[in-house]
Structures are given as structure tokens and as C-alpha cells.
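Hi everyone, thanks for making time. I'd like to walk you through a structure that is probably new to you, and then stop at one residue in it.

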Amino acid sequence: MPEQTPSQTVGPFFGYALPYDGDAEVASRADPASIRLHGTVYDGAGEPVPDAILEIWGPDVAGAPIRERGSLHRDGYTVTGFGRAAVDRAGHYSFTTVRPGAAADGRAPYILVTVFARGLLHHLFTRAYFAEGDPFLERVPVERRRTLLVEQDGERSYRFDIRLQGDDETVFLDFMGDGRG
């Protein structure tokens, strides 16, 4: 009887196959509403992951979905809402985007984040919240909520570190409904 073969992880070719010009520039740095969203991706041992890619989707400053075209062909002016950034050898990533507005009353503003990294059979989803007071955050145990909150670390600069496993593992979301998320 044939034996089951092991699963195949994807990568670490992310830095070769997925980046494109202006991929991390969701908004122009010259835009007065622009911010820097940056951080480091860590593995379960607390070591930086040098070959991950992150994608973000975010609303505009008023919380409305961005419907502008140009996600893959940046013009240097249009806020597109979508970005992709490869981490450097130290596991650090950086986006230029806008601070999102809340999508509705009683909701906290956030940016959706997807993580692709070595050892992951499926990409991971999380959210980078810019404030508390959101119905979803209220369902997350208090001791885990801080893994979803950005930290302002300068004028127009916000840090959001991602821990794939271990102590302070980032809360990841299951959108598949089958436990693979």
C-alpha cells in the first residue's frame, strides 16, 4: 500500500515571484493623510522570518472601501487600498498607506493583513486595529487583543508586529470555516 507523501510548503520564493513596482506604496508619501505601517514577522522561536510577504487591504480615511483601479500599476497619486510588501532579511516590512476610518458607527478602524511565509500551507489572515471598541475585538480574550492593535511609534508611523506561533502569537482569523484558516 502506498504511503502518504508529506505536504509541500510554498516558498521561500516569495521575494522573487510576487513583488512589483510600488507594491508597498498604497498611498503616496507626499499625501498629507499617508502613514507608515510597519513591523517585523517572527516565527515560533521569536526569530525574524526573512522570507515572508504581507498583503494589506484597507478603506480610505472615511472608512469607505477604495474602488480606485491601479493596484498593480501605481501612478504615485491614487490611494488604491491594496499593497504587498516582502520582508527584508531582518523580517521587517513597511507600507505607505492611509490611516483607515471606521467602516460604521461602533466599529474600530482596521486594515486587513494576509501573511504568506515558509512553513505555511495556507496563508494567514489577521487585522491591524487602530483603536479598541469593536464588536469583533470584544470577542477576543483580553490577554490576546493587544496582538491585533497597532502601536503608534512616531508621527504618522504605526508598528504592527506579527508572531506566527509561540508566546504572544498574533490572533489569526478563520475565513474558510473548516479550521484551516
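I'll begin with the whole chain and then turn to a single threonine, T126.

Two quick notes on reading this. The model is predicted, so to speak of local features we need pLDDT of at least 70, and side-chain atom pairs count only at pLDDT 80 or more, while totals for chains, interfaces and linings use all residues. Residues are numbered from 1 along each chain as its sequence is written, and side-chain values use heavy atoms, with hydrogens and water left out.

The chain has three helices and nine strands; these are DSSP runs, with H or I over at least four residues for a helix and E over at least two for a strand, numbered from the N terminus. From that end, the order is α-β-β-β-β-β-β-α-α-β-β-β. Of the 181 residues, 43% are buried, meaning under 20% relative accessible area with a 1.4 Å probe, protein chains only.

Now find strand 6, residues 124-129, where T126 sits. Is T126 buried or exposed? Buried, with a relative accessible area of 1%.

What does T126 touch, leaving aside residues up to four places away in sequence? Its contacts (heavy atoms within 4.5 Å) include I111, L148, F160 and V171. Take I111: 15 residues away in sequence, its C-alpha lies 8.7 Å from that of T126.

With V171 there is something extra to look at: its backbone oxygen lies 2.7 Å from a polar atom of the T126 side chain.

Methods
Buried < 20%, exposed > 50% of the residue type's maximum accessible area, 1.4 Å probe, protein only. Polar contact = N/O pair within 3.5 Å; in protein donor to acceptor, adjacent residues only side chain to side chain.
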